[in-house]
Amino acid sequence: MQAHGFSLPDQYGDTHKLSDYLGKWVVVYFYPKDDTPGCTKEACSFRDNIQTLASKNVVVIGISKDSVGSHQKFGDKYKLNFTLLSDESGDVVKKYDAWGEKKFLGKSFMGILRKTYIIDPKGKIAKVYEKVNPDKHTAEILEDLQELQLKN
């Protein structure tokens, strides 16, 4: 299945389109909120493994509804070395089915679901992670990429 195209601003206000990354593997991960414990853990794991991912022709893109300014503060604070895109309208989040019901402390509410897509160099969705564990996610992606890249 072809991945949904998008055009969103990054943490510096520069626009990125999914089509900019044709020819590369792209990890697009959706996360609830900048500078919260799980989101920070996940982002720092990608940061710490970016060289390994880059050596496999992989680009990492994080998307949330936070503003460009919030993304810049988050990226600077944790020295994040990959792109964070701001989807304040939530349109892209919804296209990727990363918006839904969440529960916290016994209350239900709507919000961004922690969800990741691996998109192949032709722009097709190669794998979807519906339930993400921030502690193990990058290792899981690296393992799956090895298998996916052999098939491609």
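This briefing describes two helices, the nonpolar cores and several individual residues of the structure shown above. The model is a predicted one. Helices α1 and α5 pack against each other with their axes 9 Å apart and at an angle of about 45°, and both α1 and α5 are among the elements that give two or more residues to the largest nonpolar core.

**Helix α1**

- Helix α1 runs over residues 37–48, and because its twelve residues at 1.5 Å a residue should span 16 Å, the 16 Å between its end C-alpha atoms agrees with that expectation.
- The buried residues of α1 are C39, T40, E42, A43, C44, S45 and F46, and what covers them includes the strands β3 (25–30), β4 (58–64) and β8 (115–119) together with the helices α2 (50–55), α3 (68–77) and α5 (137–151).
- A43, which is found in helix α1, has a relative accessible area of 0% and is therefore buried, since buried means under 20%.
- Leaving out residues up to four places away in sequence, A43 touches Y29, F74, L80 and F82; with L80 in particular, A43 has a C-alpha to C-alpha distance of 7.2 Å, although 37 residues separate the two in sequence.

**Helix α5**

- For α5, 15 residues at 1.5 Å a residue should span 21 Å, and the end C-alpha atoms of α5 are 21 Å apart, so the expected and the computed values agree.
- Buried in α5 are H137, T138, I141, L142, D144, L145 and L148, and the elements that cover these residues include β3, α1, α2, β4, β8 and β9 (125–129).
- E140 is also found in helix α5, but its relative accessibility of 33% falls between the 20% and 50% limits, and E140 therefore counts as partly exposed.
- The C-alpha atoms of E140 and Y129 are 9.8 Å apart in space, while the two residues are eleven residues apart in sequence.

**How α1 and α5 meet**

- The angle of about 45° between α1 and α5 is neither under 35 degrees nor within the range of 65 to 115, and the two helices are therefore oblique to each other.
- On the α1 side the contact is made by E42, S45 and F46, and on the α5 side by H137, T138 and I141; by class, this contact of α1 with α5 has two nonpolar, three polar and one charged residues.

**Nonpolar cores**

- The largest nonpolar core has 22 residues, of which Y29, F46, V60, F82 and I118 touch the most other members.
- The elements that give two or more residues to this core are β3, α1, α2, β4 and α5, and the largest share, four residues, comes from α5.
- I118, not counting residues up to four places away in sequence, touches W25, V26 and V27, then K124, I125, A126, K127 and Y129, and finally I141, L145 and L148.
- A second core of 20 residues, separate from the largest one, includes F6, F30, V59 and Y96.

**Strand β9 and the loop before α3**

- I125 has its place in strand β9 and, with neighbours within four places in sequence left aside, is in contact with M1, Q2 and A3 as well as with Y117, I118 and I119.
- Between the C-alpha atoms of I125 and S45 there are 22 Å, and the two residues are 80 residues apart along the chain.
- S67 lies in the loop between β4 and α3, and because its relative accessibility is 27%, S67 counts as partly exposed.
- Apart from residues up to four places away in sequence, S67 touches S86 and E88, and its C-alpha atom is separated by 9.2 Å from that of P9, which is 58 residues away along the chain.

**Positive phi angles in loops**

- Most residues other than glycine have a negative phi.
- N57, in the loop between α2 and β4, has a positive phi near 65° although N57 is a residue other than glycine, and with a relative accessible area of 30%, N57 is partly exposed.
- D97, found in the loop between α4 (91–95) and β6 (99–104), is likewise not a glycine and has a positive phi of about 55°.

Methods. Residues numbered from 1 in each chain as written. Predicted model: local features only at pLDDT ≥ 70, side-chain atom pairs only at ≥ 80, totals over all residues. Heavy atoms only, no water. Expected span 1.5 Å × (residues − 1). Buried < 20%, exposed > 50% of the residue type's maximum accessible area, 1.4 Å probe, protein only. Contact = heavy atoms within 4.5 Å. Axes fitted to C-alpha atoms, helices over the stretch in contact; angles between N-to-C directions. Parallel < 35°, antiparallel > 145°, perpendicular 65-115°, else oblique. Nonpolar A, V, L, I, M, F, W, Y, C, P; charged D, E, K, R; others polar. Core = buried A, V, L, I, M, F, W, Y, C linked by side-chain atoms within 4.5 Å.
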